[in-house]
Amino acid sequence: MLALVRHELRLLGSIGLWVARRRQGVRGGVAYPYAGGQGAMLFGLAFVVVVESVMMSLLLRGHPVVRGVWFAVDVYTLLLVLGMHAASVVRPHVLTPDELLVRRAAHVELRIPVAAVVRVRRELRTTHAGAEGELNLAVGAQTTVTVELAEPVVHAPLLGRRGRDVRVVRVVRFHADDAAGLVADLNGLVGLGGLTPARSAPSPSPGPTA
């Protein structure tokens, strides 16, 4: 329960960072956004919530108490939807010379040591079987980057019980808007080539994604 509350607070806090056009945990690394894969879907869902709220407000106009409760629930739902997109914008993937930080909104933050990577490739997948030892972090129902590891890393689910529900993974699939750039830079690090100078500068400030 506490994990769920912390997660929702992070979502709501992300809205403030999004409005302020700030990102979280990017200093010292190269940011790779992934929110472009879900922006249209989440804004469409937000629109549905607004329409539903207006319709229910009209239907419940004779019941002010129920109408007020329903409206409050709709407002909170809308904030969570916006928070999900905001968290995806302000918490991009981050690549440093030592590790790749893979994220998804406010509920996944997986640290992969560069030294553990044996193979990384650009690979578009729209279906994921969820095999043992694999972690699929799809955005917009797709992943575009596949990372294979020589040494497993531990992933703890958001609502898992500490020490009991962790997963050990050797293959990680996730989405990045610039999958080719991320793969090139990570391959450069694995091959001791260093980060590509042209991509070492921070990405443009985040904003609403169409």
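What share of the 210 residues of the chain count as buried? The figure is 40%. Welcome to this predicted model, a chain with 4 helices and 8 strands. The notes below go from the overall layout to the sheet, the cores and one buried residue.

**Overall layout**

- Read along the sequence, helices and strands follow one another as α-β-α-α-β-β-β-β-β-β-β-α.
- Among contacts in the chain with a separation of 6 or more, 69% are between residues 24 or more positions apart.
- The chain has an accessible surface of about 11400 Å², and carbon and sulfur atoms account for 62% of that area.

**The four-stranded sheet**

- Four strands form an open sheet in the order β1-β2-β3-β4, and their pairing is antiparallel.
- β1 and β4 are the edge strands; each has a single partner strand, so one side of each lacks a neighbour in the sheet.
- From one strand to the next, the twist averages 15°.
- To see one pairing up close, look at β1 and β2 (residues 93-95), which are joined in the antiparallel sense over 3 bridges.
- Within this part of the sheet, A31 sits opposite V94 of β2.

**The nonpolar cores**

- In soluble globular proteins, nonpolar side chains tend to be buried together.
- Here, the largest nonpolar core contains 26 residues, and L100, I112, V145, V147 and F174 have the most contacts inside it.
- Elements that contribute two or more residues to this core include β1 (30-32), β3 (99-104), β4 (108-113) and β7 (143-155).
- Helix α4 gives the most to this core, with 5 residues.
- A second core, separate from the largest one, has 7 residues, among them I15, L17, W18 and A86.
- I112 is a good residue to click on: leaving aside residues up to four places away in sequence, I112 touches D98, E99, L100, V102, V117, L149, V153 and V172.

**A buried residue in helix α4**

- D185 belongs to helix α4, which covers residues 179-190.
- Is D185 buried or exposed? D185 counts as buried because its relative accessibility is 0%, and the cut-off for buried is under 20%.
- The side chain of D185 makes a polar contact of 2.5 Å with the side chain of Y32.
- Y32 falls within the range of β1 (30-32), so this contact links helix α4 with an edge strand of the sheet.

Technical notes
Residues are numbered from 1 along each chain as its sequence is written. This is a predicted model: local features need pLDDT of at least 70, side-chain atom pairs count only at pLDDT 80 or more; totals for chains, interfaces and linings use all residues. Side-chain values use heavy atoms; hydrogens and water are left out. Buried means under 20% relative accessible area, exposed over 50%, partly exposed in between (1.4 Å probe, protein chains only). A polar contact is a pair of N or O atoms within 3.5 Å; within protein, one must be able to donate a hydrogen and the other to accept it, and residues adjacent in sequence count only if both atoms are side-chain atoms. A nonpolar core is a set of buried Ala, Val, Leu, Ile, Met, Phe, Trp, Tyr and Cys residues joined through side-chain atoms within 4.5 Å. Contact means heavy atoms within 4.5 Å. Two strands pair if DSSP finds at least two bridges between them. Axes are lines fitted to C-alpha atoms, for helices over the stretch in contact, and angles run from 0 to 180 degrees between N-to-C directions. Accessible areas come from the Shrake-Rupley method with a 1.4 Å probe; for residues, only the protein chains shown count as cover.
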